[in-house]
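Biologist: Can you pull up the model so we can go through it together? I'd like to talk about the inside first and then the surface.

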Amino acid sequence: MVYIVGNWKMNKTSIEALDFVKKLSSFLDDNALNSCSIAIAPPSIHLPILHPVSNHFDLVSQNIAFENAGAYTGETAAFMLHEYVNYTLVGHSERRLYFNDTDSSLHKKLILALQYDLKPIFCFGETKQERDAGNYLSVIKKQLDDTIMLLPESAMSNILLAYEPIWAIGTGNNALISQIEEVHSYVRQLVVHENGLKNPETIPILYGGSCSADNAALILDQKHVNGLLIGGASLDFDHFCKIIQIAGQIN
Ligand code: PGA
């Protein structure tokens, strides 16, 4: 299965979002892609209007609250999102940077997501400084050790991972293929050893960071890449559909 997930971040009016989603539903109606799973993460305010017209693809929340209910102004709980989405991003680097997501709050978010049947797409990745210093694998290991590795093994079949090197996000410079494969295969091994997972091949590991129709085929062709998390290029309908078509030809 190849996962193509569009992360719209804080973009699009409700009318633009609705128009996109209707067109996407009919595109997927006309182009049956058996081996692809397509998803969109719109701003959460649009979820109720997009939900009834989202056919042939999944909706994703960009975030969930780290508590289940109560005095948390501005937050949206997993049980509320559960009405509209099957997946939620957890730990996107922009959440870590601007909204104080920490490993400990991310661990709580993972537990709540799983409790309410939302599959977490857990994002991790190093800064430019950490990459240049050469300690990026230990940074990544810590990000995973303090979050998904604390979950029971049974949770692993409901989790997707997304390697998003921060220096590649929104820059137009995706990571090199060798850099992507190094991290993806490292993480797959980690999951086997530390979680005792019997079949590590089943954990989908997506890559995100300046994905586009120009680099999608090459990235998706890598052994340990199971999909793409796409920001900027998912905002344009034609561009996003081109990537979907590329993904449809992969297997
Ligand atoms: P980008 O964003 O594709 O615009 O680099 C990816 C992401 O932040 O998920």
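Modeller: Here is the model, and we can go through its core, strands, pockets and one loop residue. Keep in mind that this is a predicted model.

Biologist: Okay, core first. How many residues are in the largest nonpolar core, and which have the most contacts inside it?

Modeller: The largest nonpolar core has 66 residues. Those with the most contacts inside it are I4, L24, I148 and L161.

Biologist: And which helix gives the most to this core?

Modeller: That's helix α10, residues 237-248, which gives seven residues to the largest core.

Biologist: Why would nonpolar side chains be buried together?

Modeller: I can only give you the general tendency: in soluble globular proteins, nonpolar side chains tend to be buried together.

Biologist: Back to L161. What does L161 touch?

Modeller: Leaving out residues up to four places away in sequence, L161 touches F122, F124, I148, V187, V191, I203, P204, I205 and L206. There is also a second, separate core of 13 residues, with I121, C123, A162 and L229 among them.

Biologist: A162 makes me think of the strands. What does A162 stand opposite in β7?

Modeller: A162 stands opposite L206 in β7. Strand β6, residues 160-163, pairs with β7 in the parallel sense over three bridges.

Biologist: What about β7 and β8, parallel or antiparallel?

Modeller: Parallel, over three bridges, with β8 covering residues 227-230. There, G208 stands opposite L229 in β8.

Biologist: Which way do the β7 residues point?

Modeller: I205 and Y207 point one way from β7, residues 205-208, while L206 and G208 point the other way. All four are buried. The general rule is that in a regular strand the side chains alternate between the two faces of the sheet.

Biologist: How about β4, are its residues buried or exposed?

Modeller: Buried, all of them. Y87 and L89 point one way from β4, residues 87-90, and T88 and V90 point the other way.

Biologist: What does T88 stand opposite in β5?

Modeller: T88 stands opposite P120 in β5. β4 and β5 run parallel and are joined by four bridges. Toward β3, residues 58-61, T88 is the bridge partner of S61. Two bridges join β3 to β4, and these strands run parallel too.

Biologist: Switching to empty space. How many cavities of 30 Å³ or more are there in the whole structure?

Modeller: A search of the whole structure finds one. About 30 Å³ of space lies in that cavity.

Biologist: What lines the largest cavity?

Modeller: Y3, V5, S37, A39, Y87, I121 and L160 line it. By class, that lining has six nonpolar residues, one polar and no charged ones. β1 (2-7) and β2 (36-41) each supply at least two residues of it. Y87 is one of the buried β4 residues we just went through, and I121 belongs to the second core.

Biologist: And the open pockets? What volume does the largest pocket have?

Modeller: About 570 Å³. It is lined by 18 residues, and the closest to its centre are M10, Q62, N63, R95 and F99. Helix α4, residues 93-98, gives the most to the lining of the largest pocket, with three residues.

Biologist: How do the lining residues divide by class?

Modeller: In the largest pocket, six are nonpolar, eight polar and four charged.

Biologist: What about the second largest pocket, which residues lie nearest its centre?

Modeller: R96, G125, E130, Q143 and I166, out of 17 lining residues. The second largest pocket has a volume of about 210 Å³. Its lining divides into five nonpolar, six polar and six charged residues. Helix α7 gives the most to that lining, with three residues.

Biologist: Last one, D117. Where does D117 lie, and why does D117 count as exposed?

Modeller: D117 lies in the loop between α5 (103-115) and β5. D117 counts as exposed because its relative accessibility is 60%, and the cut-off for exposed is over 50%.

Biologist: What does D117 touch?

Modeller: H82 and N86, not counting residues up to four places away in sequence. D117 and N86 are 31 residues apart in sequence, but 7.0 Å apart in space, C-alpha to C-alpha.

Terms used: Residues numbered from 1 in each chain as written. Predicted model: local features only at pLDDT ≥ 70, side-chain atom pairs only at ≥ 80, totals over all residues. Heavy atoms only, no water. Core = buried A, V, L, I, M, F, W, Y, C linked by side-chain atoms within 4.5 Å. Buried < 20%, exposed > 50% of the residue type's maximum accessible area, 1.4 Å probe, protein only. Contact = heavy atoms within 4.5 Å. 1 Å grid on protein atoms, 1.4 Å probe; cavity = no way out; pocket = protein on both sides within 12 Å on 5 of 7 lines; lining within 4 Å. Points joined across faces, edges and corners; volume = space filled by probe spheres on them. Nonpolar A, V, L, I, M, F, W, Y, C, P; charged D, E, K, R; others polar. Pairing = 2+ DSSP bridges.
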